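Visitor: I have a model open and would like to learn how to read it. Could you walk me through some features?

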2 protein chains.
Amino acid sequence: MTGTGGAPTAPERLLSVLAAFDHEHPALCLTDISRRAGLSLTTAHRLVGALTEWGALERDESGVYHVGLRLWELAALAPRGLALRQIALPYLEDLYEATHENVQLAVRDASDVVYIEWLSGRSAVGVHIRVGARWPLHATGVGLALLAHGGPEFQKEYCAGELASFTPYTITDPVRLRRALAEVRRTGVAVSDRQVTEDALSVAAPVRGADGSVTAAVSVVVPQAHAQVPVLVPAVRVAARGISRALGWQPEPG
Amino acid sequence: MTGTGGAPTAPERLLSVLAAFDHEHPALCLTDISRRAGLSLTTAHRLVGALTEWGALERDESGVYHVGLRLWELAALAPRGLALRQIALPYLEDLYEATHENVQLAVRDASDVVYIEWLSGRSAVGVHIRVGARWPLHATGVGLALLAHGGPEFQKEYCAGELASFTPYTITDPVRLRRALAEVRRTGVAVSDRQVTEDALSVAAPVRGADGSVTAAVSVVVPQAHAQVPVLVPAVRVAARGISRALGWQPEPG
């Protein structure tokens, strides 16, 4: 968060207050904020005051601060966040109706998948991912779909990095991973079979934008023991194409 | 946005860059940002750079800035935004399945309703409200439900202010409005009959949090010509109670 070598700039200090909030710390008192942002209590007090006045933070009756409604309104303008999710939601609901399984929409941010939407299915899977959560690309179905269409340069770079292992089935060998990605491009779907948790399987397909590039991925996550991949594949592909069309994508003729 | 009389402070300047983005201006070039934020091009350039580096803004290939994914991730922590919406979504979907009409979830922010979720029904109504939109409290069903439970002090203040008119049916007389609010409290539902547009009717019910206070409202909006209010009321009330229970509310015994 600090500038090149020097003390943090004024914008960096203000953003460090916002960055103090995360999924593990959604509610913070002033002392927590000052400690987590690395600011003096006086500075934290001043910046929190400005953010609260603006509506980026909200203070409850017990003096604890939360992320405010105004940030949420602003975030509703993010093309890759709520805006995408709003367009995709009817197709995600259709996919949910067709499968009654966990349905996800995700985008890529650097080397991570970020979940934009998550509709919970009735069957319990050991995977509980919240909206806004991040996950490495090479383990999840949506991540594999996004990585496979991330361009050769990016893939090369990603495969050369450390590939974290989550289960004995996670692909951590770069050669195997590249082969798997080629398969994803060939078939148009990505299957993550127990690569995140040992009881879950996901089937994902890429979502394309108006220019034809892959901008998101959609998937279902099901209990691995009863997974019927051949049944899930067409449903996921239809949903992904529906969202793509709604985003302005047109399939190539022929 | 400026401090008490003086020049804008550093936090105010940074927040003015974020405030340059709204529903009418979701994509801005640097010149637009500088103009809308009232900053010099040099200052705007520096602040936009800091926000982009942090991920609050994203720059596309044409040099245009959008709200970034990181703000969306942060906003996912807002208790009155995505967090509430995540808890409410299954009940909103049930209400949609039962009615196949437009379903909304909204909260109050000062004198406005802010829409947190909007599921679009199949029948076309002249009301097209987006997630994140604001509306005055006294016209919409959700607004009336929130105003009716906003406490006597707030109601008095609101009714004393200017009551904007949207159709000949909008209640703009404070005495009539107060009577309508008492009726909302008595019946447990709010009906807005052509008070927003002349072709729409909405039925809304309050959502309560763990402490019993009204924290949100849920509604359906239907074409007024075919509206069957007695049929909609129980569905909306059941959905509102379902969300309230999920938020930790417990009905009073007896």
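**Reading contacts, burial and salt bridges**

Guide: Let's begin with one side chain and its neighbours. Leaving aside residues up to four places away in sequence, His138(B) touches Leu144(B), Leu147(B), Tyr158(B), Leu163(B), Ala164(B), Phe166(B), Thr170(B), Ile171(B), Leu177(B) and Gln195(B). Keep in mind that this is a predicted model.

Visitor: Where in chain B does His138(B) lie, and is His138(B) buried or exposed?

Guide: Look in the loop between β5 (134–136) and α6 (141–148) of chain B; that is where His138(B) lies. For burial, the cut-off is under 20% relative accessible area. His138(B) has 1% relative accessibility, so it counts as buried.

Visitor: Which backbone oxygen lies 2.7 Å from a polar atom of the His138(B) side chain?

Guide: That oxygen belongs to Ala164(B). Ala164(B) is also among the residues that His138(B) touches.

Visitor: Now a residue in a strand, please. What surrounds Val218(A)?

Guide: Val218(A) sits in strand β8 (residues 214–223) of chain A. Its contacts, not counting residues up to four places away in sequence, include Leu92(A), Leu95(A), Gln104(A), Val142(A), Val203(A), Val236(A) and Ile243(A). Val218(A) is at 0% relative accessibility and therefore counts as buried.

Visitor: How many residues apart in sequence are Val218(A) and Leu51(A), and what is the distance in space?

Guide: They are 167 residues apart in sequence, and their C-alpha atoms are 35 Å apart. As for records, an unreviewed UniProt entry annotates residues 8–69 of chain A as "domain: HTH iclR-type". That span is 53% helix and 10% strand, with its end C-alpha atoms 27 Å apart.

Visitor: How do I read the relation between two copies of a chain?

Guide: Two copies are related by a rotation about an axis and a shift along it. Here, chain B superposes on chain A after a rotation of 180° with 0.0 Å of shift along the axis, at an RMSD of 0.0 Å. The copies are thus related as by a two-fold rotation axis. The same surface serves both copies, since 100% of the contact residues of chain B recur in chain A.

Visitor: And salt bridges: how many does the structure hold over all chains?

Guide: There are 22 over all chains. To read one, check the N-to-O distance, then where the partners sit. Asp109(A) and Arg80(A) form a salt bridge with their closest N and O atoms 3.3 Å apart. This pair links distant parts of the chain, 29 residues apart: Asp109(A) is in strand β3 (residues 102–109), and Arg80(A) is in the loop between α4 (69–75) and α5 (82–99). Asp109(A) is partly exposed at 22% relative accessibility, and Arg80(A) is partly exposed at 24%.

Visitor: Which pair joins two chains?

Guide: Try Arg85(A) and Glu117(B), whose side chains meet in a salt bridge at 2.5 Å, N to O. Arg85(A) lies in helix α5 of chain A and Glu117(B) in strand β4 (residues 112–119) of chain B, so this salt bridge joins two chains. Arg85(A) is buried at 1%, and Glu117(B) is buried at 0%.

Visitor: What about a pair within one helix?

Guide: Glu183(B) and Arg186(B) form a salt bridge with closest N and O atoms 2.9 Å apart. They are 3 residues apart in helix α8 (residues 174–187) of chain B, so about one helical turn separates them. Glu183(B) is partly exposed at 38%, whereas Arg186(B) is exposed at 62%.

Visitor: Which residues are linked in a network of salt bridges?

Guide: One network links Glu58(A), Glu73(A), Arg80(B), Asp109(B), Asp112(B) and Arg134(B).

Methods:
Residues numbered from 1 in each chain as written. Chains lettered and ligands numbered in written order. Predicted model: local features only at pLDDT ≥ 70, side-chain atom pairs only at ≥ 80, totals over all residues. Heavy atoms only, no water. Least-squares fit on C-alpha atoms with pLDDT ≥ 70 in both. Contact = heavy atoms within 4.5 Å. UniProt positions renumbered as here; feature names shortened; annotations may be inferred. Helix = DSSP H or I, 4+ residues; strand = E, 2+ residues; numbered from the N terminus. Buried < 20%, exposed > 50% of the residue type's maximum accessible area, 1.4 Å probe, protein only. Polar contact = N/O pair within 3.5 Å; in protein donor to acceptor, adjacent residues only side chain to side chain. Salt bridge = Lys/Arg side-chain N within 4 Å of Asp/Glu carboxyl O.
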